[in-house]
Every structure is written in structure tokens, then in C-alpha cells.
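Here are my notes on the charged pairs and the cysteines. Please read them with the structure open.

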Amino acid sequence: MSRGKKLLGLLMAVGLSVGMSVTPVLAETTSILDAVSEEELTEEETTEDFAEDTEYYPARSTNLNCGNVKIQKVSNHELSIFGLTQCHKKCSKVYLSLFLEKKTNGSYSTYKIFEYTAKNVTSLSKEIKVLVPSGTYYRVRGYHAASNDGLKESASTLTQGIMIK
């Protein structure tokens, strides 16, 4: 056997033994906020950057059709919240209340309130950008109502909480 073949065989043997002795290690980057968010995650929260809820008023209703609320992460310190009150017909007064709630010490409480009304309309919607402190969950609770001729119908909505890191 030639000297080149012996050297090639030796190099291959060394390469295989070194390659088989190397153990791949998969590492994940985690932060303290990731660990906290995983521990606190309940059915009230989602891992998504967006949450929505729609409540339809019973089919036999006269005025109110449905209510809808949405919350979405815009950046590490900004949220977009949206609310809609939809009627079956033009109503003398339509109501939309949005309650931005913040999770503190394991429970949600009202952080900011936005209330709107409109007269003689079939729907009322608002989208608001809100600056918030990071490191916790936020969700939106909505109150939707419509009144006409002394009859007021209402519904409520509630999104899951989303984490703002």
C-alpha cells in the first residue's frame, strides 16, 4: 500500500473518531421575562401578540347585533385596542366602553377606560394606540349597548391577555 493511501486512511480514522465523540448541544436564549410569562400563563392569557372576542346579541334582539373587541401588540411599549358596537338598525344612542386591564400580582384590574357614545347611527367603532409599561399581560373588556324608544340592549366582551415584554 502506498504511503499516501496509508496517510489518507489514518486521517479518515481520526476524523471519524473525533466526529463521533462530538455531542451536539442545542441552546436556547431565555430571559427572566420568558420564565415569568411561562409560569403565569393561564387560560386567561395567550402566547400570541393578538387577541379578539365577539359577542352576538340574541337573534330576537331589536337593536343590538354584536360587540367586538381586539387587542394587539404594536411594540414593546405600545398596544392597539379596538372596539365595535354593531346594531341591526339606526339607533338613537349607541354605546362603546373599552376597559384596558393590566395583570398585577396574578389578577387583572382596570388600567385605563375609554367611553364613547354616538346618536342616530348603526354602529360605533374606535381604535386607540396606548403606551403601556412592559413586563406584564394586558387585555380588553368591552361594554356594548344600543337604545331606541326606551329599549336598551347590551352585551359584554373580553379578550385573553397578551404579554408586553
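1. Start with a cysteine. Cys66 is buried, because its relative accessibility is 9% and the cut-off for buried is under 20%. Note that this is a predicted model.

2. Disulfides. A search of the whole structure returns zero of them. Cys66 takes part in none; the nearest cysteine sulfur belongs to Cys87, 9.1 Å away.

3. Cys91 deserves its own check. Its closest cysteine sulfur is in Cys87, at 3.8 Å. That is too far for a bond, because a disulfide needs the two sulfur atoms within 2.5 Å. Cys91 is buried, at 1% relative accessibility.

4. Salt bridges. How many does the structure hold? There are five. Points 5 to 8 take up some of the residues involved.

5. Arg139 and Glu44. These two form a salt bridge, with the closest N and O atoms 3.5 Å apart. The pair links distant parts of the chain, 95 residues apart. Arg139 sits in strand E5 (residues 136–148). Glu44 sits in the loop between helix H2 (32–40) and strand E1 (50–56). Burial is uneven here: Arg139 is buried at 7% relative accessibility, whereas Glu44 is partly exposed at 37%.

6. The network. Arg139 and Glu44 do not stand alone. Together with Glu101 and Arg141, they are linked in a network of salt bridges. Please view these four residues as a group.

7. Glu45 and Lys103. Their closest N and O atoms are 3.2 Å apart, and the pair forms a salt bridge. This pair also joins distant parts of the chain, 58 residues apart. Glu45 is in the loop between H2 and E1, while Lys103 is in strand E3 (residues 78–104). Are the partners buried or exposed? Glu45 counts as buried, at 4% relative accessibility. Lys103 counts as buried too, at 8%. Both values qualify because buried means under 20% relative accessible area.

8. Glu52 and Lys70. Here the salt bridge has its closest N and O atoms 3.9 Å apart. The pair still qualifies, because the cut-off is within 4 Å. Glu52 lies in strand E1 and Lys70 in strand E2 (residues 64–75), so the contact ties together parts 18 residues apart in sequence. Glu52 is partly exposed, with a relative accessible area of 41%. Lys70 is partly exposed as well, at 28%.

Methods. Residues numbered from 1 in each chain as written. Predicted model: local features only at pLDDT ≥ 70, side-chain atom pairs only at ≥ 80, totals over all residues. Heavy atoms only, no water. Salt bridge = Lys/Arg side-chain N within 4 Å of Asp/Glu carboxyl O. Helix = DSSP H or I, 4+ residues; strand = E, 2+ residues; numbered from the N terminus. Buried < 20%, exposed > 50% of the residue type's maximum accessible area, 1.4 Å probe, protein only.
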